[in-house]
Amino acid sequence: MKKQNTILIFLFCTALFLVSFLLGYRIMSGKAKNDNLISHNGKEGDPLNLEILKEEERISPNVYIEKKIHYKACNHNITIINDLDENIINMTEKEYREYMKENFPNVRIVHFTTSRIILREEKDHLCTNHYIIGESDGKVAIYKIDEYGMEVLDKVFNDYPITLLKEIDQKKLKEGIRVDSLEELSDVLENFIS
């Protein structure tokens, strides 16, 4: 009798499980069809008809801006880290490209992410690593090259007039002697002021 009760309880539980499973399946199947009909609105392809919005990434205040400058006159490449321009914070890539085109037309954007920007520019003059040994008011002088390629008077050797030099050296100084480093500057100056 105990064995018979156990079998009856097992069969009853199994039947109850199957009935509840089938009933739940039918109810959920019908609900899914109704939801699909309500949200479909006659459009094919997107059954839920939801528009996905993508927020554009914007330049952060911590952006790293690297500018690579190629100087054609001396064929040097110099990389500088630019200070952050407050105007570009929160710009999208499209807005930044328009801003650069409008304000810096000779600068190209090589790489753009919201955290790192790499720019490239070409200049037709010498870089700031060069010096010109020349003359100023008849004296031997040193000129530095500024960021615009202009010669800026740095030092005049008042005790060394160029009239004491050979004519060929005077001509070289009047034309200007370009040197590419401080070491070279010292070596060439030694010839004129020793």
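This passage describes the confidence of a predicted model, then its first helix, and then the surroundings of helix α3.

Across the chain of this predicted model, the mean pLDDT is 82, and 87% of the residues score at least 70. Among the elements of the chain, the lowest mean pLDDT, 74, belongs to α1, whereas the highest, 91, belongs to strand β4, which spans residues 116–123. The pLDDT falls below 50 over residues 40–44, a stretch that has three contacts in the model beyond near neighbours in sequence. Where pLDDT is low, the predicted coordinates should not be read in detail.

Helix α1 covers residues 2–40 and includes leucine 18. Together with Phe17, Phe21 and Leu22, Leu18 makes a nonpolar surface patch of about 460 Å². Leucine 18 itself is partly exposed, its relative accessible area being 47%.

Helix α3, formed by residues 167–175, contains the buried residues Asp169, Gln170 and Leu173. When the helix is viewed down its axis, the buried residues of α3 fall within an arc of 105°, and they therefore line one face of the helix. An α-helix has 3.6 residues a turn, so residues three or four places apart point the same way. On the other side of α3, the exposed residues are Glu167, Ile168, Lys171, Lys174 and Glu175. The cover over the buried residues of α3 includes the elements β5 (131–136), β6 (139–145) and β8 (177–179), as well as α4 (182–193). Just after α3, glycine 176 adopts a positive phi of about 100°.

Key. Residues numbered from 1 in each chain as written. Predicted model: local features only at pLDDT ≥ 70, side-chain atom pairs only at ≥ 80, totals over all residues. Heavy atoms only, no water. Patch = residues over 30% accessible without salt bridge, like charges linked within 9 Å, V, L, I, M, F, W, Y side chains within 5 Å. Areas by Shrake-Rupley, 256 points an atom, 1.4 Å probe, with all protein chains shown as cover. Salt bridge = Lys/Arg side-chain N within 4 Å of Asp/Glu carboxyl O. Helix = DSSP H or I, 4+ residues; strand = E, 2+ residues; numbered from the N terminus. Buried < 20%, exposed > 50% of the residue type's maximum accessible area, 1.4 Å probe, protein only. pLDDT = per-residue confidence, 0-100. Contact = heavy atoms within 4.5 Å. Arc of directions from axis to C-beta.
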